[in-house]
Amino acid sequence: MSDADLFKLYSQRILALAADIPFTEPLAAPDASARKRAPLCGSTVAVSLTLQDGRITGYSQQVHACALGQASAAIFGAAVIGRTPDEVAALRDALAAMLKGGPVPAAPFGDYEVLQAARDYPNRHASILLAPEATLAALDAAASAA
């Protein structure tokens with residue numbers, strides 16, 4: 001990866017998002033929690049959440065990832081409250097498709113457009129997908145416990 005490629009990939013906007021991840025405080029009484037790890041880079045995201053009427057009402061995330069994974073967690077966290085499991089799954093699928101050349105996910109997740117530069121770096125895709133993947137695992141755990 002050249003210096004120019006690194007500069008493009010780690011833009012100021014990505015770094016700003018990575019520095020401002022929402023919902024990093026633990027939840028007092030989560031309904032479910034899950035942790036996901038990207039095997040290639042070792043990045044991890046652990047999430048806890050609360051649910052009411054099938055929607056996420058509380059969210060906490062601990063992110064130990066590269067700037068791309070952190071930026072993704074920031075974008076995801078900014079829009080996760082109020083989402084249903086189907087909406088989270090649709091976002092994960094749209095994000096995975098975007099990373100393979102598809103369109104940017106629809107609102108409220110349109111800020112993922114900043115990560116389009118990562119398309120050319122498949123070894124970074126798993127880190128970018130960690131926040132929605134961990135959230136889906138927590139949602140599955142909540143459904144199993146219900």
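This is a short tour of a three-stranded sheet and the helix that packs on it.

The model is predicted: local features need pLDDT of at least 70, side-chain atom pairs count only at pLDDT 80 or more, and totals for chains, interfaces and linings use all residues. Residues are numbered from 1 along each chain as its sequence is written, and side-chain values use heavy atoms, with hydrogens and water left out.

Select residues 32-37 and 44-52, which are strand 1 and strand 2. Strands (E, at least two residues) and helices (H or I, at least four) are DSSP runs, numbered from the N terminus. The two strands run antiparallel and are joined by 6 bridges; strands count as paired if DSSP finds at least two bridges between them. Click Ala32 to find its bridge partner Leu49 in strand 2, then Arg35, whose partner there is Ala46.

Move to the 6 residues between these strands, where Gly42 has a positive phi near 80°.

Now add 55-64, strand 3. The 3 strands make an open, antiparallel sheet in the order 1-2-3. Strand 1 and strand 3 are the edges, each pairing on one side only.

Next, select residues 125-145, helix 5. Helix 5 packs on the sheet and touches strand 1, strand 2 and strand 3 (contact: heavy atoms within 4.5 Å). Its direction makes about 145° with that of strand 1; axes are lines fitted to C-alpha atoms, for helices over the stretch in contact, and angles run from 0 to 180 degrees between N-to-C directions.

Finally, centre on Ala131 in helix 5, where a kink of about 45° lies shortly before Pro132. The bend is the angle between axes fitted to the seven residues ending at a residue and the seven starting there.

Conventions: The expected span of a helix is 1.5 Å times one less than its number of residues.
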